[in-house]
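Please work through the following exercises with the sequence and the three-dimensional view side by side. Each task is followed by a solution that proceeds step by step.

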Amino acid sequence: MQTRLEPACLVIADISGYTGYLAGVELDHAQDILADLIGTVVGALRPSFRLAKLEGDAAFAYVLAETVDGAHLQDTLERCYFAFRRRLRDIRQSSTCECNACMLIPNLNLKILAHHGVVARHRIAGREELVGSDVVVVHRLLKNRVEEDLGLAAYAMYTDACIRAMGADPAVLGLREHREDFEGVGEVVGWVRDLEAAWRDEEARTETIVRPEESAAELAFVLPGPAEVVWEWITSPARRIQWQAAGGVTDVRETTVSGRRGVGTTNHCMHGRDAIVEEILDWRPFEHFTVRFQMPVPGVPKMVMSELLEPVTGGTRVTLRIRRPRTAKDRAAIEPLRPMFEASMRAGIEPLGELVAADVAARSAAAADAEEPPVPASAGRNMREPLAAEAR
């Protein structure tokens with residue numbers, strides 16, 4: 001039977017510094033910590049990516065796709081790094097152990113490589129294996145000179161092929177060019193994001209979110225899928241139009257400031273010739289976002305709305321809150337529009353739920369076709385069984 005080639009986005013998340021970390025540390029605690037961190041990394045990549053293989057201190061994942069939503073890919077990889085950093089901090093703060101393995105946790109870091117190409121899926125010894133020249137390329141990139149040449153220990157590198165699949169301009173995204181030359185592969189051009197800088201920005205950011213006590217209107221509903229999938233359907237213009245059409249939306253036009261969906265992005269939500277103009281004020285994938293929007297009605301003030309995603313049994317609860325205007329005049333101006341606005345929002349809930357359910361079903365069918373490898377669980381011995389620090 002002829003081998004079937006399929007387009008795919010390939011990602012390797014590699015815990016860097018682990019080989020040096022192992023020198024002179026207590027192996028039982030080191031293995032627990034590695035299992036804990038690998039579980040965190042894999043959990044953050046799912047369900048956007050499927051785990052192909054665990055490779056020591058690295059996770060190799062993929063998603064079959066002809067093209068890539070660049071904003072979602074970057075959000076996923078950066079949220080993976082943020083989850084890794086938070087878990088490092090939590091482990092260090094939760095453990096009272098003074099052994100070398102626990103004391104040297106801050107020496108660990110994460111690098112993430114993303115490539116796009118074609119793969120073949122083979123079943124070997126009962127498990128699925130990805131093969132092909134592009135699988136070789138992304139693995140070759142593990143041995144690179146990014147840290148030496150750019151001075152970055154924590155980074156995400158997107159190959160030129162991945163950037164093309166994203167339809168992105170790396171200069172607009174603020175990515176730094178890096179080139180590697182490998183025997184048998186040739187030159188590979190990559191574009192690098194400083195994840196340490198992204199983490200500092202994440203820690204320093206101030207949330208803009210509509211709280212329950214300041215809400216003028218609230219709408220909540222549950223969608224049958226994980227937050228990462230729901231987030232895609234409610235933030236991607238290409239996906240939004242598929243369910244918002246039920247509420248009278250004819251087009252969603254996105255304009256980004258930095259070449260990437262997020263704070264500062266403007267959406268024109270078209271209703272025929274009329275447009276509701278949305279400006280993104282806050283963006284925390286896959287938890288919440290906040291927009292300031294202007295209705296196409298004279299005399300109506302701009303309004304602020306937050307959409308919050310919360311995992312619940314059976315899916316994700318989505319809560320929409322509109323901030324109560326400060327003045328009586330503005331509150332009076334928006335009151336007549338509430339029934340129309342709420343009707344438009346409610347009209348999209350059913351088709352959105354059907355699209356999310358179909359997406360989840362398709363992913364489940366793919367998962368059933370090829371089972372993912374198991375992820376080792378941490379026994380938490382570093383937290384339960386403290387060891388005395390060894391003399392250095």
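The exercises below treat a sheet, its helices, a buried side chain and a hairpin.

The model is predicted, so local features are used at pLDDT of at least 70 and side-chain atom pairs only at pLDDT 80 or more, whereas totals for chains, interfaces and linings use all residues. Residues are numbered from 1 along each chain as its sequence is written, and side-chain values use heavy atoms, with hydrogens and water left out.

**Exercise 1. Trace the order of the seven-stranded open sheet and find its edge strands.**

Step 1: Helices (H or I, at least four residues) and strands (E, at least two) are DSSP runs, numbered from the N terminus, and two strands pair if DSSP finds at least two bridges between them.
Step 2: Read across the sheet, the order is S9-S15-S14-S13-S12-S11-S10, and the pairing is antiparallel.
Step 3: Strand S9 (215–223) and strand S10 (251–255) each pair on one side only, and these are the edge strands.
Step 4: On average, neighbouring strands of this sheet are turned by 25 degrees against each other, direction ignored.
Step 5: Within the sheet, strand S13 (residues 288–294) pairs with strand S14 (residues 303–312) in the antiparallel sense over six bridges, and His288 stands opposite Leu308 in S14.

**Exercise 2. Describe how helices H11 and H13 pack against the sheet and against each other.**

Step 1: Contact means heavy atoms within 4.5 Å; axes are lines fitted to C-alpha atoms, for helices over the stretch in contact, and angles run from 0 to 180 degrees between N-to-C directions.
Step 2: Helix H11 (residues 237–244) packs on the sheet and touches S10, strand S11 (266–271) and strand S12 (274–284), its direction making about 160 degrees with that of S10.
Step 3: Helix H13 (residues 338–369) lies across S9, S11, S13, S14 and strand S15 (315–323), and runs at about 10 degrees to S9.
Step 4: The two helices pack at an angle of about 125 degrees, with their axes 8 Å apart, which makes H11 oblique to H13. Angles under 35 degrees count as roughly parallel, over 145 as roughly antiparallel, 65 to 115 as roughly perpendicular and the rest as oblique.
Step 5: Where they meet, Arg239, Gln242 and Trp243 in H11 face Gly348, Pro351, Leu352, Leu355 and Asp359 in H13.

**Exercise 3. Is Asp282 buried or exposed, and with which side chain does its own make a polar contact?**

Step 1: Asp282 is placed in strand S12.
Step 2: Its relative accessibility is 2%, so Asp282 counts as buried; buried means under 20% relative accessible area, exposed over 50% and partly exposed in between (1.4 Å probe, protein chains only).
Step 3: The side chain of Asp282 makes a polar contact with the side chain of His288 at 3.0 Å. Such a contact is a pair of N or O atoms within 3.5 Å; within protein, one must be able to donate a hydrogen and the other to accept it, and residues adjacent in sequence count only if both atoms are side-chain atoms.
Step 4: Leaving aside neighbours within four places in sequence, the residues in contact with Asp282 include Arg205, Glu207 and Phe289.

**Exercise 4. Examine the surroundings of strand S3 and its hairpin with S2.**

Step 1: Five of the seven residues of strand S3 (residues 58–64) are buried.
Step 2: S3 pairs in the antiparallel sense with strand S1 (residues 5–16) over seven bridges, and with S2 over five bridges.
Step 3: Ala58 in S3 has Asp14 opposite it, and Glu55 also stands opposite Ala58.
Step 4: The hairpin of S2 and S3 has two residues between the strands, and Gly56 takes a positive phi near 70 degrees.
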